[in-house]
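The following exercises concern a single protein model. Each task is followed by a solution worked in steps.

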Amino acid sequence: MNRKYRKTVIAANWKMNKTPTETKAFMTEFKGLMPKGRWCDVAICVPAVCIPAAVRAMRETRVGIGGENCSAHASGAFTGEIAANMLVDAGCKYVIIGHSERRAMGETDAEVNAKVKAALLNELIPIMCVGESLAQREAGITEEWITMQVKAGLAGIPEEKIRKIVIAYEPIWAIGTGKVATPEQAEEVCEHIRTVIRKMFGAKIARATSILYGGSMNEKNAYELLAQPDIDGGLIGGASLVPEKFVQIIEAANQPTN
Ligand code: PEP
C-alpha cells in the first residue's frame, strides 16, 4: 500500500451468495464490528436483489455498495441485464467488471472495455478484474496476458477518467481455491500492471491508481499481502461473507505503512 499517493480499497465480492434477508443480518453484525476511527475505503459488492437491503443498512456509514456486473448498454431489449444508471439509482457506488467467473461465461475484453466506459459515464467506480490461468502462468506468459487485458480494458478511456478506476489482479488459479499467491507473486504482477498504466497514461496517473489483489485473501494472509508496495487493497470472495473475517481484513489494511 502507499496511502500517500492512492486509496486503499477493501472490496467484497459476494458472488451468488446471500438473500436480501441474510444481507440485512450480515450488515447489522458487520456494523457492530466495524473499526472505529479512520480506515480505508470499503466496498461491498452484492447480488443485484440484495442492493436495496445493503444500501439501506449502510446509509449512515462510509461503506460503499456495489453491483457485481453491469450492462454496456444504457437501456433496451437486454432481458436479465442491469444498466449502470440503474445501479446508481439503487444507491451503488461501485461495480465489479470483468470478473474471471464472468469472462468464463464468455465476456470478452471488448465487452469489459465497453462496460468500464458505461460505468464511468454514470459515475460508478469500476473494479476491473484481470488475471491469468494456471496454464498461462506455467507457460510463462503471465505478463503478456495481463498487459493485453489491461490495455484492452482501458482502451479509449480518457486520462482524467483512469484515476477513477480500480484494478483488481486476480489470478484465476487462486480464486476460491484456498491457493493464495505469495506476496511476492502478487506484488510482481501488481507492479507490472502499474508499469502498463504508466506507459499508457503517464507516471502521475499510474502512481494514483489503486491496484487490488484478489484470490483466497483472508484474515490470516491479508496483512502480508497488503504490506506490498503495489498492492493497494483486496477483492475478497469467500472471506467477505463472514463479518468477523471481513473486518479483520479491513483492520489489516489499516496497518501503518512507510
Ligand atoms: C473473488 O471472487 O473475486 C475472489 C477473490 O474470491 P475468493 O476470495 O473466494 O478467492
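**Exercise 1.** Is R102 buried, partly exposed or exposed? State also where R102 lies and which residues it touches.

*Solution.* The model is a predicted one. Begin with the secondary structure: R102 belongs to helix α4, residues 100–103. Next, consider its accessibility. The relative accessible area of R102 is 27%; the class between buried and exposed runs from 20% to 50%, so R102 is partly exposed. Then list its contacts: with residues up to four places away in sequence not counted, R102 touches E68, N69 and E107. Finally, take a distance across the model: V196 is 94 residues from R102 in sequence, and their C-alpha atoms are 23 Å apart.

**Exercise 2.** How do the axes of helices α1 and α2 cross, and which residues meet there?

*Solution.* Two packed helices are described by the angle between their axes and the distance between the axes. Here, the axes of α1 (residues 20–33) and α2 (residues 51–58) come within 8 Å and cross at roughly 25°. An angle under 35 degrees counts as roughly parallel, and α1 and α2 are therefore roughly parallel to each other. The crossing of α1 past α2 is right-handed. From α1, the residues P20, T23, M27, F30 and K31 take part, and they meet A53, A54, A57 and M58 of α2. By type, the residues of this contact are 7 nonpolar, 1 polar and 1 charged.

**Exercise 3.** How many disulfides does the model contain, and why does C40 not form one with C45?

*Solution.* A disulfide requires two cysteine sulfur atoms within 2.5 Å. For C40, the closest cysteine sulfur is that of C45, 14 Å away, which is too far for a bond. For C70, the closest is that of C92, at 10 Å, again too far for a bond. The count is 0 disulfides. As to accessibility, C40 is buried at 6%, and C70 is buried at 1%.

**Exercise 4.** Is H192 buried or exposed, and which residues of helix α12 are buried?

*Solution.* H192 is placed in helix α9, residues 183–201. Its relative accessibility is 15%, so H192 counts as buried. Apart from neighbours within four places in sequence, H192 contacts E143, I146 and T147. In α12 (residues 243–253), the buried residues are P243, F246, V247, I249, I250, A252 and A253. The elements that cover them include β1 (9–13), α1, β2 (41–45), α11 (222–226) and β8 (233–236).

Terms used:
Residues numbered from 1 in each chain as written. Predicted model: local features only at pLDDT ≥ 70, side-chain atom pairs only at ≥ 80, totals over all residues. Heavy atoms only, no water. Axes fitted to C-alpha atoms, helices over the stretch in contact; angles between N-to-C directions. Helix = DSSP H or I, 4+ residues; strand = E, 2+ residues; numbered from the N terminus. Parallel < 35°, antiparallel > 145°, perpendicular 65-115°, else oblique. Left-handed = near helix turned anticlockwise from the far one by under 90°. Contact = heavy atoms within 4.5 Å. Nonpolar A, V, L, I, M, F, W, Y, C, P; charged D, E, K, R; others polar. Buried < 20%, exposed > 50% of the residue type's maximum accessible area, 1.4 Å probe, protein only.
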